[in-house]
Amino acid sequence: MNAMTKISSASADTKATEVRFAKENIIISATDPRGVIQFANDTFVEVGGYSLDELLNAPHKIMRHPEMPKGVFYLMWEHLKAGKPVCAYVKNKTKSGGYYWVFAVVTHTENGYLSARIRPSSELFEATKEIYATLLEEEKGAGLTPEQSGARLLEMLQEAGYSSFEDYGTKALNNEFKSRDIIAPELANSFLLMDELVDIISDMQNLVNSIEQGFERVRGEPVNLRILAGRLEGAGAALGTISQNYDAMAKEMHGLVGRLHDPENGSLVQMFDAVSQGRWAMQIAQILNEAHAQGGPDTAEDEGAALLKEHNERLQQSSRSRLIEISSIGKSIPDICRSLRRRINGLDVVKLLCKVESGRMRDVDSGLDGIIARLENFHDNTDRHLADLSAKASQVTQKGSSL
Ligand SMILES: Cc1cc2nc3c(=O)[nH]c(=O)nc-3n(C[C@H](O)[C@H](O)[C@H](O)COP(=O)(O)O)c2cc1C
């Protein structure tokens, strides 16, 4: 038995026996694209009780525990096939009928997948067990297909506050990572910077939300202007034109703001994805690094160590390129802000024209003053938010390029 593997089991033969392995142990397997095992490390053999011969060329299904909901594996494969890494809690069966829980991080290799499993220790693990138990009951009660169970799992995760399976996986990885102390000193700074980037990007998201809300609030003003124009003779024609111009410019601006926070491919979403994927890759690389270090000098030459080393390097490379992406996305934001601010100036001209009309109609209680005050307020706020947004984007570029 590997000296670092401490396995405690209450009894050797009952189904309820939980096999616990040491926090510092990592269970590794690598598979071909179908999930057939091509490599397993010693810890995998020790914890699961299957010999290396039994594991090699076998599907992972041999250790599938009947209490694992089908939906988890459905989502796992959907994400893997879409090229995304997966983090999930999994209950596995041991050869002797016991079980062990793992937090698994599954990533892509040149010719298949690699799963690194650690002992779960975060609070999210407890919450996840409850979700799995409910899902399993529903699966059995309603005879859900794997796809239906996957959809139910997504719903449950959303109810618990996660926007997606990926979002849940990222938070779970963060939690597990934090509950251990495995940040290499030379990377501590990078992790800190990434945390700062996440904060700045979420501040930027808040600013864009405020700008959006501003748009929402003044959306009705061009219509108010048109109504006013209808009521007034003479000055009404000018107001009608002003209202049309304002409407067109506000719509164009709104489109530009949308480019920033479109949920599919807006700059902010891309930045957020880049930073979380960069962070994710770096965390996984750290976990693998631990496993590599754990192998000790004896295994330095073996296939597993080489595989981990190579995989680790590739993950770090992918993390670096994602982070470079952040700074280039960050660079494009001040440009968008500049265009928006130019349009605000255009809106200011329209607002001035309103003021002129308002001066002419001094004796009429037209409501125009109120409209102008609201537009003025909107312009000032939007201008301020855009200036802040631009400054934050520059911070992202600067921090992103120093990673
Ligand atoms: C790299 C990798 C590691 C996996 N590890 C496990 C595992 O530890 N336990 C497990 O039950 N399934 C694991 N799976 C998922 C299995 O391939 C399979 O989907 C699952 O056991 C459920 O079986 P089913 O899809 O035939 O229902 C893994 C898949 C991959 C690609």
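# Exercises on a predicted model

In this predicted model, the largest nonpolar core holds 109 residues, and those that touch the most other members are Tyr89, Tyr100, Met204, Met271, Ile333 and Leu389. Helix H11, which spans residues 303-360, gives the most to this core, with 13 residues.

## Exercise 1: The core and the domains

Task: Work out where the largest nonpolar core lies with respect to domain 1 and domain 2.

Solution. Begin with the bounds of the two domains, which are 27-178 for domain 1 and 185-401 for domain 2. Next, ask which of them gives residues to the core; both do, so the core lies between them. Then take methionine 204 as one of the members that touch the most others, and list its contacts while leaving aside its neighbours within four places in sequence: they are Leu268, Met271, Ile333, Leu389, Lys392, Ala393 and Val396. Finally, set this beside the chain as a whole, in which 48% of the 403 residues count as buried, and in which 69% of the contacts between residues at least 6 apart in sequence join residues at least 24 apart.

## Exercise 2: The buried side of H3

Task: Find how the buried residues of helix H3 are placed around its axis, and name elements that cover them.

Solution. First, look at the length of the helix: H3 runs over residues 70-81, and its twelve residues reach 17 Å from the first C-alpha to the last, close to the 16 Å expected at 1.5 Å a residue. Second, pick out the buried residues of H3, which are Gly71, Val72, Leu75, Met76, His79 and Leu80. Third, consider their directions from the axis; because they cover an arc of only 165°, they are on the same side of H3. Fourth, see what covers these buried residues, which includes the strands S3 (86-93), S4 (99-109) and S5 (112-118), together with the helices H4 (123-142), H5 (146-159) and H6 (165-178). Just after H3 comes glycine 83, which takes a positive phi of about 85°.

## Exercise 3: Two faces of H4

Task: Decide which residues of H4 are buried, and which exposed residues its opposite face carries.

Solution. Start once more with the span, since H4 has 20 residues and reaches 29 Å from its first C-alpha to its last, close to the 28 Å expected at 1.5 Å a residue. The buried residues are Leu124, Phe125, Thr128, Ile131, Tyr132, Leu135, Leu136 and Glu139. Seen down the axis of H4, they fall within an arc of 140°, and therefore they line one face of the helix. The cover over these buried residues includes H3, S3, S4, H5 and H6. Turning to the face that points away from the buried side, you find the exposed residues Glu123, Glu130, Glu137 and Gly141. As a check on one of them, glutamate 123 has a relative accessibility of 70%, and so it counts as exposed, the cut-off being over 50%. The C-alpha of glutamate 123 is 9.5 Å from that of serine 179, although the two are 56 residues apart in sequence.

## Exercise 4: Sorting single residues by exposure

Task: Classify threonine 109, asparagine 57, glutamate 310 and methionine 249 as buried, partly exposed or exposed.

Solution. Recall that buried means under 20% relative accessible area and exposed over 50%, with partly exposed in between.

- Threonine 109, in strand S4, has a value of 16% and is therefore buried. Not counting residues up to four places away in sequence, threonine 109 touches Leu114, His311 and Arg314.
- Asparagine 57, in the loop between helix H2 (52-55) and H3, has a value of 57% and is therefore exposed. Although asparagine 57 is not a glycine, it has a positive phi of about 70°.
- Glutamate 310, in helix H11, has a value of 41% and is therefore partly exposed. The C-alpha atoms of glutamate 310 and glutamate 110 are separated by 10.0 Å, while their positions lie 200 residues apart along the chain.
- Methionine 249, in helix H9 (residues 235-261), has a value of 21% and so counts as partly exposed. Leaving out residues up to four places away in sequence, methionine 249 touches Arg343, Gly346, Leu347 and Val350. The C-alpha of methionine 249 is 7.0 Å from that of leucine 347, which is 98 residues away along the chain.

Methods. Residues are numbered from 1 along each chain as its sequence is written. This is a predicted model: local features need pLDDT of at least 70, side-chain atom pairs count only at pLDDT 80 or more; totals for chains, interfaces and linings use all residues. Side-chain values use heavy atoms; hydrogens and water are left out. A nonpolar core is a set of buried Ala, Val, Leu, Ile, Met, Phe, Trp, Tyr and Cys residues joined through side-chain atoms within 4.5 Å. Buried means under 20% relative accessible area, exposed over 50%, partly exposed in between (1.4 Å probe, protein chains only). Helices (H or I, at least four residues) and strands (E, at least two) are DSSP runs, numbered from the N terminus. Domain bounds come from an automatic or database domain assignment. Contact means heavy atoms within 4.5 Å. The expected span of a helix is 1.5 Å times one less than its number of residues. The arc is that of the directions from the helix axis to the C-beta atoms.
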